[in-house]
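User: Could you take a close look at the small sheet in this protein for me, and then show me how the rest is arranged around it? Keep it informal, please.

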Amino acid sequence: MAQWQEIDLQTGVWTIPEHKMEVEHTVTLSSPILKMIKELDTHPHSKEDYIFKNSRNDKEYSENAINTMLKRLGYAKEELTPHGLRGTFSTILNDKLDEHGLSSDVIEACLAHSISNKTARSYNHAQYEKQKAKLLEYWGNLLGDII
């Protein structure tokens with residue numbers, strides 16, 4: 001549901017507004033993703049347009065549309081879901097903590113998860129912006145190596 005108005009192509013930051021999540025969340029786009037977004041930006045659009053929109057009605061894709069796309073690619077819903085991809089992100093990056101050198105707190109911050117311990121949450125207000133950017137660049141390169 002990303003919209004063009006949420007993306008700053010100069011800084012490579014996607015700011016997801018509070019009305020779409022519990023709190024505003026920023027995502028520093030990895031180099032491969034930023035390159036793809038810039039290529040999409042060459043097509044006519046308004047700032048309110050969705051970056052990935054349904055060609056039939058100019059609205060955003062629903063989670064069901066993404067599930068349908070995965071099904072057409074041959075994945076059963078028990079094998080792969082959009083939410084399951086978030087779990088894959090967490091699992092792989094937690095497994096590679098020694099390789100990327102960042103903490104699981106940064107992985108959780110990338111996923112917009114809040115600290116579950118109420119006391120710790122009252123003391124720790126870190127946003128981990130630089131660390132999230134480093135981790136997402138690592139992830140983008142890791143995916144690029146796989147594909």
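Analyst: Here is a walk through the sheet, followed by the core, the surface and two loop residues.

A word on the source: this is a predicted model, in which local features need pLDDT of at least 70, side-chain atom pairs count only at pLDDT 80 or more, and totals for chains, interfaces and linings use all residues. Residues are numbered from 1 along each chain as its sequence is written, and side-chain values use heavy atoms, with hydrogens and water left out.

The protein has seven helices and three strands; these are DSSP runs (H or I of at least four residues for helices, E of at least two for strands), numbered from the N terminus. Read from that end, the order is β-β-β-α-α-α-α-α-α-α.

Now the sheet. The three strands make an open, antiparallel sheet in the order E1-E2-E3. Strand E1 (7–8) and strand E3 (25–28) are the edges, each pairing on one side only. Strands count as paired if DSSP finds at least two bridges between them; E2 (residues 13–16) and E3 have four, in the antiparallel sense. Across that pairing, Trp14 stands opposite Val27 in E3.

Thr15 is also in strand E2. With a relative accessible area of 26%, Thr15 is partly exposed, because that label covers what falls between buried (under 20%) and exposed (over 50%), using a 1.4 Å probe and protein chains only. Setting aside residues up to four places away in sequence, Thr15 touches Glu6, Glu24, His25 and Thr26, where contact means heavy atoms within 4.5 Å. Its C-alpha atom is 9.7 Å from that of Gln3, 12 residues away along the chain.

Next, the interior. The largest nonpolar core holds 24 residues, and Ile7, Ile37, Ile51, Phe89, Leu93, Ile107 and Leu135 have the most contacts inside it. Such a core is a set of buried Ala, Val, Leu, Ile, Met, Phe, Trp, Tyr and Cys residues joined through side-chain atoms within 4.5 Å. Helices H1, H3 (82–95), H5 and H7 each give two or more residues to this core, with the largest share, five residues, coming from H7. Take Ile37: beyond its neighbours within four places in sequence, it is in contact with Trp4, Ile7, Leu9, Ile51 and Phe52.

On the outside, Ile33, Met36, Phe52, Tyr61, Ile66, Met69, Leu73 and Tyr75 make a nonpolar surface patch of about 730 Å². Helix H1 (31–40) and helix H2 (63–72) are the elements giving two or more residues to that patch. Patch members have over 30% relative accessible area and no salt bridge, and nonpolar side chains (Val, Leu, Ile, Met, Phe, Trp, Tyr) are joined within 5 Å; a salt bridge is a side-chain nitrogen of Lys or Arg within 4 Å of a carboxyl oxygen of Asp or Glu. Areas come from the Shrake-Rupley method with a 1.4 Å probe, and for residues only the protein chains shown count as cover. Tyr61 sits in the loop between H1 and H2 and is partly exposed at 37%.

Finally, the two loop residues. Ala112, between helix H5 (104–110) and helix H6 (118–123), has a phi near 65°, a positive value in a residue other than glycine. Tyr128, in the loop between H6 and helix H7 (129–146), also isn't a glycine and has a positive phi of about 60°. Ala112 is partly exposed at 33%, while Tyr128 counts as buried at 19%.

Key. Patches are made of residues with over 30% relative accessible area and no salt bridge: like charges are joined within 9 Å, nonpolar side chains (Val, Leu, Ile, Met, Phe, Trp, Tyr) within 5 Å.
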